[in-house]
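Biologist: I'd like to learn how to read a model like this one, feature by feature. Can you walk me through it?

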Amino acid sequence: MDALHELAAGGAPAGTAVVADEQSDGRGSRGRAWSSPRGGLWLSVLARPPAATMELVSLRAGLAVADALDAAGTGVGLRLKWPNDLMLGERKAGGILCEARWQGASPGWVVIGLGLNVLNHPGDGLDDLATNLSSVSPDLTPAELVLPVVRALRTVDAAGSPLTADERDRLARRDWLLGRTLAAPASGTADGLEADGALRVRRADGTIATVRAGTVVVAETSATADLRPCS
């Protein structure tokens, strides 16, 4: 992502992509370190939208990646955990991180970053929380996924338009949180997404809370994931 920001500052066009075999300074949301050894898919794609709603960029990027893997016949079947986690079963296989550089009130550019565990081990102490694609598709390699994933990310609408009915339907089919009981950031049952990308949480009294940022906590037996819209 740092390399692509430099290229963007120098005038690189939309669609420019940077791919790494490994990263020495990988990062996730809130600036946290992200283990990025060989065997994973670490890449970023440049967008230059006239406007951007970052929550929607992250959701659309996750959907694009999941759809691309399905179209490539990987048999993986990723699901999406609002707003930026890629889930395989009950564990995290990857994540989307988006970063914008602004020129006044408009984005100069947006970098869409993807970290996806393919062959690499997720990291010490993370076996209960994270996994890799090879756990269900042992023959996959990062190299064969680069082109379909980059092509998919180049199609992402980063301009901030609301989610279409088709997008909401496709997201609902992959929604890892849908129907799960949440303890935070609002107490209730995850009930899908609003057109602006906000998470809907149905409270016990039937009213709907709309959540645009916060830490998602699935009640009781499930793990806590630190999540917020990319910025």
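Biologist: Let's start with the second largest cavity: how many nonpolar, polar and charged residues does its lining have, by class?

Modeller: Sorting a lining by class tells you what sort of side chains face the space. This is a predicted model, and in it the lining of the second largest cavity has five nonpolar, three polar and two charged residues. The residues are Ser58, Leu59, Gly62, Leu80, Lys81, Pro83, Asn84, Asp85, Leu86 and Ile96, around about 40 Å³ of space.

Biologist: Which element supplies the largest share of that lining?

Modeller: Helix α2 does, with three residues. At least two residues each come from α2, β3 (79–81) and β4 (85–88).

Biologist: And what lines the largest cavity?

Modeller: Leu59, Leu80, Lys81, Trp82, Leu171, Asp175 and Leu193 do. By class that gives five nonpolar, no polar and two charged residues. The volume of the largest cavity is about 50 Å³, and the structure holds two cavities of 30 Å³ or more. Leu59, Leu80 and Lys81 appear in both linings.

Biologist: Pro83 was in one of those lists. Where does proline 83 lie?

Modeller: Proline 83 sits in the loop between β3 and β4. With a proline, have a look at omega for the bond leading into it. Most peptide bonds are trans. Here, the bond from tryptophan 82 to proline 83 is cis, with omega near 0°.

Biologist: Which bond leading into proline 185 is cis?

Modeller: That's the peptide bond from alanine 184 to proline 185, with omega near 5°. Proline 185 is placed in the loop between β7 (181–184) and β8 (188–193).

Biologist: Back to α2, then. How do I check a helix span against its number of residues?

Modeller: Take the expected rise per residue and compare the result with the distance between the end C-alpha atoms. For the 18 residues of α2, 1.5 Å a residue gives an expected 26 Å, and the end C-alpha atoms are 26 Å apart, so the two agree.

Biologist: Why is α2 described as largely enclosed by the rest of the structure?

Modeller: Because 14 of its 18 residues are buried. Past the helix comes glycine 73, with a positive phi, near 75°. As background, most residues other than glycine have a negative phi.

Biologist: What does the span check give for α3?

Modeller: Agreement again: the 13 residues of α3 should span 18 Å at 1.5 Å a residue, and its end C-alpha atoms are 18 Å apart. For burial, the list for α3 is Pro142, Leu145, Val146, Val149, Val150, Ala152 and Leu153. Among the elements covering those buried residues are β1 (17–20), β2 (40–47), α2 (54–71) and β6.

Biologist: Is proline 142 buried or exposed?

Modeller: The way to decide is to compare relative accessibility with a cut-off. Proline 142 has 16%, so it counts as buried, the limit being under 20%. Proline 142 belongs to α3, which covers residues 142–154. Beyond its neighbours within four places in sequence, proline 142 contacts Gly39, Gly40, Leu41, Val118 and Leu119. Asparagine 117 is 25 residues away in sequence, with 8.8 Å between the two C-alpha atoms.

Biologist: Which residues does serine 134 contact, leaving aside neighbours within four places in sequence?

Modeller: Val118 and Leu119. Serine 134 is in the loop between β6 (106–117) and α3, and it counts as buried because its relative accessibility is 18%. Its side chain also makes a polar contact of 2.9 Å with the side chain of asparagine 132.

Biologist: What is the relative accessible area of serine 44?

Modeller: It's 4%, so serine 44 is buried. Serine 44 is in strand β2 and, outside the four places either way in sequence, touches Met1, Leu4, Thr16, Ala17, Val18, Val111, Ile112 and Gly113.

Biologist: One last residue: which side chain does the arginine 200 side chain join in a polar contact?

Modeller: Glutamate 194, at 3.1 Å. Arginine 200 is in strand β9 (residues 199–202), and its 19% relative accessible area means that arginine 200 is buried. Beyond four places in sequence, its contacts include Thr189, Asp191, Leu193 and Ile208. Threonine 189 is 11 residues away along the chain, and the C-alpha atoms of that pair are separated by 8.4 Å.

Notes. Residues numbered from 1 in each chain as written. Predicted model: local features only at pLDDT ≥ 70, side-chain atom pairs only at ≥ 80, totals over all residues. Heavy atoms only, no water. Helix = DSSP H or I, 4+ residues; strand = E, 2+ residues; numbered from the N terminus. Buried < 20%, exposed > 50% of the residue type's maximum accessible area, 1.4 Å probe, protein only. Contact = heavy atoms within 4.5 Å. Polar contact = N/O pair within 3.5 Å; in protein donor to acceptor, adjacent residues only side chain to side chain. Expected span 1.5 Å × (residues − 1). 1 Å grid on protein atoms, 1.4 Å probe; cavity = no way out; pocket = protein on both sides within 12 Å on 5 of 7 lines; lining within 4 Å. Points joined across faces, edges and corners; volume = space filled by probe spheres on them. Nonpolar A, V, L, I, M, F, W, Y, C, P; charged D, E, K, R; others polar.
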